[in-house]
Amino acid sequence: MNAAAEPDRWRRLEALFFEALDLDPAARPAFVEQSCGSDVHLRQELQSLLSSSDRTLADLRRPVEEVAGEVIHEASPQRIGPYQIVRLLGEGGMGLV
């Protein structure tokens with residue numbers, strides 16, 4: 001590959017990577033296959049990036065969730081007026097009930 005084409009290749013790889021990240025993980029293999037076509041090297045690079053990002057996110061998710069849970073628990077009042085908080089009913093979006 002010539003040096004002039006390299007920046008275009010990286011831009012394409014980056015665009016495909018971020019597009020794939022927006023997909024459900026189960027849909028990614030078909031997306032990679034369709035997007036890369038017969039370019040085996042591009043397919044391998046994209047799969048490698050996706051695999052690495054999955055491992056990185058998994059490694060980061062656990063400690064972040066643990067710290068967030070501790071902060072939420074410590075910041076949550078045990079009473080609101082005459083009412084006592086007994087247990088968590090549910091969570092979603094950006095709130096807890």
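Helices are here DSSP runs of H or I that contain at least four residues, and they are numbered from the N terminus. The model under discussion is predicted. With the helices so defined, one backbone feature can be located at once: Gly37, just after H2, adopts a positive phi of about 55°.

Helix H1 comprises 16 residues, and the distance from its first C-alpha to its last is 22 Å, close to the 22 Å expected at 1.5 Å a residue. Its buried residues are Arg9, Leu13, Leu16, Phe17 and Ala20. Viewed down the axis of H1, these buried residues fall within an arc of 105° and therefore line one face of the helix. In H2, the buried residues are Arg28, Phe31, Val32, Ser35 and Cys36. They span an arc of only 105° around the axis, which places them on the same side of H2. Pro29, Ala30 and Gln34, on the other side of H2, are exposed.

In soluble globular proteins, nonpolar side chains tend to be buried together. The largest nonpolar core of this model consists of ten residues, among them Leu13, Phe17, Val32, Cys36 and Leu50. Helices H1 (6–21), H2 (28–36) and H3 (40–75) each contribute at least two residues to this core, and H1 gives the most, with four residues. Val32 illustrates the packing: when residues up to four places away in sequence are set aside, Val32 touches Gly37, Arg43, Leu46, Gln47 and Leu50.

Phe17 also takes part in an aromatic interaction. The structure contains one aromatic pair. The ring centres of Phe17 and Phe18 are 5.2 Å apart and the planes stand at 65°, so the pair is edge-to-face. Phe17 is buried, at 14% relative accessible area, whereas Phe18, at 46%, counts as partly exposed.

The polar contacts include four salt bridges. One of them joins Asp8 to Arg11, with the closest N and O atoms 2.6 Å apart. Because Asp8 and Arg11 are three residues apart in helix H1, about one helical turn separates them.

Arg9 has a relative accessible area of 14% and is buried. Its side chain meets that of Asp39 in a salt bridge at 3.0 Å, N to O. Asp39 lies in the loop between H2 and H3 and Arg9 in helix H1, so this pair ties together parts that are 30 residues apart in sequence. Arg9 also forms a salt bridge with Glu45, at 3.7 Å, N to O. Since Glu45 belongs to helix H3 and Arg9 to helix H1, that pair ties together parts 36 residues apart in sequence. Arg9, Asp39 and Glu45 are thus linked in a network of salt bridges. Within this network, Arg9 and Glu45 are buried, while Asp39 is partly exposed, at 23% relative accessible area.

Key: Residues numbered from 1 in each chain as written. Predicted model: local features only at pLDDT ≥ 70, side-chain atom pairs only at ≥ 80, totals over all residues. Heavy atoms only, no water. Core = buried A, V, L, I, M, F, W, Y, C linked by side-chain atoms within 4.5 Å. Buried < 20%, exposed > 50% of the residue type's maximum accessible area, 1.4 Å probe, protein only. Contact = heavy atoms within 4.5 Å. Phe/Tyr/Trp six-rings, centres within 6.5 Å; stacked < 30°, edge-to-face > 60°. Expected span 1.5 Å × (residues − 1). Arc of directions from axis to C-beta.
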